[in-house]
Amino acid sequence: MSQRAKFMYNKSATGKEQRLETHILPYHPRGRDSDIQPNRRGQLSEPPFTASQSATEEQQMDYDSESPRPRFTPSHDTALCLTLPRDHTLWPAVQQLRSLNDAASSRWPPHINLVYPFVQTAALPEATCILRQLRLEAVTISLSEVGSFAHKGGKSTIFLRPAETASLARLRTAIRRALGWLDDVEAFEPHLTVAQSDETGCEGHISLVEEARSLTPLCFAVSGLCIMVREPSADFDGGGPRRMNLWAQLDLGSGQVQDADPMLEYAPVAELRKTHTYYDGVWASMTPPSQQTALIEEPHRLVLASYNVSAEPGPDPFRYAALVANILSIKAAADFLVLQEVTDQFLSFLGANSDICTRYPYSTHGLVGQRHETGAPPWHEKIVVLSRFPFSWKWVPFNETHGGIAVLEFYTLQVQRTSKPQQSLIVAAFHLNPGSDEETLASRKCEVRRLLRHLASQYPDHPHLIASHLSMDTSYSVLNKTAKQGLEHAREIESLLLQAGLEDGWLLSRLGPGESSSIASALPPASELHEGEEGATFDPVNNSLAAQSVMDEQNARPQRYSRIFASGNLALRPAGFNLFGQSLPAASQHWGIRCLFSREANPKQPHLATGTMRVDPAKAQQSIQVTDGPKSVLARRGYLPTWADQRQRWEAIQLLQRIVLGPSSVAADDGSRGKGPRIAVIPVGSFGLGLWTTSSHVDCLCVGSMSPNIFFPIVTERLRDASADDIVILRRVRSASGTMLELQVQGIHFDLWYCAAPSIAESYPDVMKRPSSDQAFALPTQTLLKLKPARDLFYLRKSIPDMAAFRLAHLLIRAWAESRGLYASRFGLLGGFHITTMLVPICKLLSWGISCVRASDIIRTFFHHYAGFSWSADMVYDSYFHPQLAYSRTPSEPLCLLGWHGPRLNAAVYASRSSADIISLECSRADSLLSQEGITWSDFLGLQHSAISSNQVACGVAEFLDRYSSYVKIEARYWGTSPLKRIKFFRKLESRFSVLLLDADRSLPTVGMHFWPVRLVQPSSSTVPEDSTEYTGYYLIGLYQRRSPVTVEWSSHLNTSDTEALQTKICDFEAAIRGASGYYDPNCSWVMACIMETQDLSRTLQPDPQPGTYTSNPDDETESESDAELLDDDDDDDEGDGKRLARTQTHSYNKPKPSGGRFRPAADVINRIRWDSAMDAADYVVGYEDRFVGVRERALEAWKRELTDEEFIPQHRIVYFKRRSDGELMWDRRSRTDHIFKSSV
């Protein structure tokens, strides 16, 4: 039948016909009793008010005054039905059959539709009043026949029906007439649906018919009518048909309306199952003791593990053995172990392993193969739970699939957080089927709701632990290729779990103490980033079995399918999380997961859920939500290194490591350590966090047991000897935090640092997984300061929710900062570590409840948050790392960007009040741009058409020159013949700018200064030939008047007094530069600083594309005026004249020669010979002065250094060190000869 409008007419008071409603009734092909009704011929017919009714259209349109009038509009959101009583003896059997075979069992109770569709939801009160006046009589129903009707496509619906229908027909007729609807006796066939089958007449269909017949006769008395209402869309989890809830129950005799629970649980009844225990080599069922006799425990920690073994039907002893090895591994040891996708064969294999039976003496199923006799799981359950503690349990079947939920009650464990009467611990386990089609997604949400409803109704006050396999895609690379509803369904399920008070154990562990499973693997280059894959348990990239199970190679991306959840009233909080089963070859398609829950030290303290910082999420515009949007714009600007770039750096790191460790420290082929001292070489900084670009330096921190005075001479000599491997020592820098070597290894710029920490070096890298309060880090302050970059790196690697999204967001924010002249921490602006400090709290707080957030949303929220941030009153810090922060801010800290590990927390030590002004202004500007509809990343970075990064900065320079009314212009010129002296001169000049800015900020609080951090040149001098004798560079500082600490006028002129005071500061700065005789030579260099109006500035200034670095000179020592921040990377530059000179002067500068420095004492010589693996201590003797016989000799190995030793000799009596093999004096105090350190004078 085609769609046609049915017009319902009524007569007005004047006798004229008026059209009241128009109904368009489409044909509904699904054939469920919730949607359509079968006619007597077993064929599908449409709902009421269709042409198949006995009344014709003419009869419907020609009402006389005595015909019932249509007072209500039908609605499929309501129904009037008769339901099977919950206390009926056959209720469990009916529900069991429906749960496995009826797709509507989760949305409808077992029922017979009397009037469906019923009235509009808003008209229910009025309709109920009408029905109460009818005085209807109770009826008795006897369902004694089995029937079926066919659907399109061959499927059919199987139902129970009564042999006599007259009483129900009369009841229906009376109700419809009272509502003003015509009778349609021909279209009414009462029935109760119990199943659907794939094909009429097939073996499965016949079997279901027989199962349905075993329920007959199904007799029950009906004393009331049930009014059902479909769940509103706002309350439903979206997608698929919605649940029908009980709205009211109308008593047929009295007409009274009885209150009803709208969330009446009509799903299949939970089945109490037997618990099995292992004793004396035998598995047997057990009877739980009474609550009075059970021995109650209050454990301080519990471990829950979950492992999807993905066992296939049929025995597979090789893979089974690997699965058992994973289960028995240290990483998988747990108190409760949930196994999913278990088969009979694998269960039998488990039972043959005595170690498993001994470790886990309690199980939901006996670990033997006789299924029916000992309790192995039916084929549709797939879940087995092993435990160290006794329990009772129930199986709660799902309604639309052949799965269900195992709900275990540990009656001996009390771990409730609240002060209410203690309730036992509940552990639930379930497995959702995979699939991305709409029906599977809707079914998946219904099953999650089923779990939550069951826990809320049966165990409302109990603490819960849930082990689940959600089968939800998390990788955005896959979600972007599938239907949009996939992402929406995933977020809705996470929202449902969050609203139920359930917390993701992996996410909480990662946000707080950290989750270290991914630390062992190197980060991929930025060009290969994929968001949403952190913590993946299904990894087809590294798991061959997982790769084989993926049908579409484009969707072969890692996914976090397995989850562990905990309720908020659990007294144990997630304190650790790890993956297991990752050994290759893989034993399962999935990695196992394990979560440690530990009792809170202070249960009364509120649990930190979202931290003390508050972040309001801001959604990115659709125009920048495009797939790979940030990646594409970053790639065009050279911010995304490739696999080749990363491979080149790792090869350089490995070469440097071999040279630093020496030949005798390299591990042998059998894995044993070399005899040399233990030294850990740790890439830190931007490379360690994966935030590097092709122009970035690689920061390496060496941690060892020898002192720095021994380490650097040894390493320097080894690096000189390795000059043939394309290794160049550029310079040595001394600062308050220690010495640094600048190197060039195979063309890659390295900064090499050292920290003397023997205990850390011996236990690295495992020691980095320990909490910051561990005794291993009870070290001197100076040592902790040097270790801080490595400790921060390891914590960030294991605590950032999604490293891929964080890295993309960080790189794009860095590109923005460079384009706006904000990327230079040494000048009080932003550096790499500052952006990290600001970005990590945003990533963590956004991830609460939604474990994966897009990089575009993170960036949008970043600028939205800091645009309105009060820098003078608030601090930026990670509230998950500092839950009880006690930081005393001083008035000299206009910005507080607090890092992670001490002793120095504030990373913005060189920031000024002007820095806060500029950052706030630029964040507000960025927030405004990102809020514009249609914005693109290219528009945001200010470079719509060019793909060259330097042009991007040039655009920022042009805007900077027009922003302020006046500027400080610093012009520096060098015309000498030595490129090395030129680089030293400009480096010294730039190191003094931070002093000028901080001094002016303290003494001139109303003067704002914006330093442009890039050296500028005129176009004619933008490139410097190697034989050039003259070079001129310019530096600009924009000036503005700060009327008050919170009011800034960017284009305002400075008042006269401020101008004069600033001019004095500038003159002092100029005099200080000219007075630095070590760097400033008036015969070949010149510097001038002055205040200029904007109209007097040259508009042709542009960034120097080759600002230059340091040339090779290993004996040059530079005193650094500030400690370098290892995680910053502000000095990244393109290959300049310093690197060019390094290539041309490699051989001359790497020739060993005496340093001419301080003559090394005997103690350093002893340490060097003993620690340097290239020297044999047994080949050396010590000549010392005896007070009675003169100079005597003793083997170095026999030399005693302890004061309490009887043979102790003071080191000031040592005269020389001699090599036995050739008799040569290697060190002689009398002639001041030193061939050990080459410090001879």
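**Pairing of strands 9 and 10**

In which sense do strand 9 and strand 10 pair, and over how many bridges? In this predicted model, strand 9 (residues 139-150) and strand 10 (residues 156-162) pair in the antiparallel sense over 7 bridges. Strands (E, at least two residues) and helices (H or I, at least four) are DSSP runs, numbered from the N terminus; two strands pair if DSSP finds at least two bridges between them. Opposite proline 162 of strand 10 stands leucine 143.

**The sheet and its neighbouring helix**

Strands 9 and 10 belong to an open sheet of 4 strands, in the order 11-10-9-12, with antiparallel pairing. Strand 11 (192-197) and strand 12 (218-222) are the edge strands, each pairing on one side only. From one strand to the next, the twist averages 35 degrees.

Helix 2 (residues 91-101) lies across strand 11 and strand 12 and runs at about 40 degrees to strand 11. Axes are lines fitted to C-alpha atoms, for helices over the stretch in contact, and angles run from 0 to 180 degrees between N-to-C directions.

**The chain as a whole**

The protein chain has 32 helices and 48 strands. Of its 1241 residues, 57% count as buried, that is, under 20% relative accessible area with a 1.4 Å probe, protein chains only. Among contacts (heavy atoms within 4.5 Å) between residues at least 6 apart in sequence, 72% join residues at least 24 apart.

**Basis of the values**

Residues are numbered from 1 along each chain as its sequence is written, and side-chain values use heavy atoms, leaving out hydrogens and water. Local features need pLDDT of at least 70 and side-chain atom pairs count only at pLDDT 80 or more, whereas totals for chains, interfaces and linings use all residues.

Technical notes
Buried < 20%, exposed > 50% of the residue type's maximum accessible area, 1.4 Å probe, protein only.
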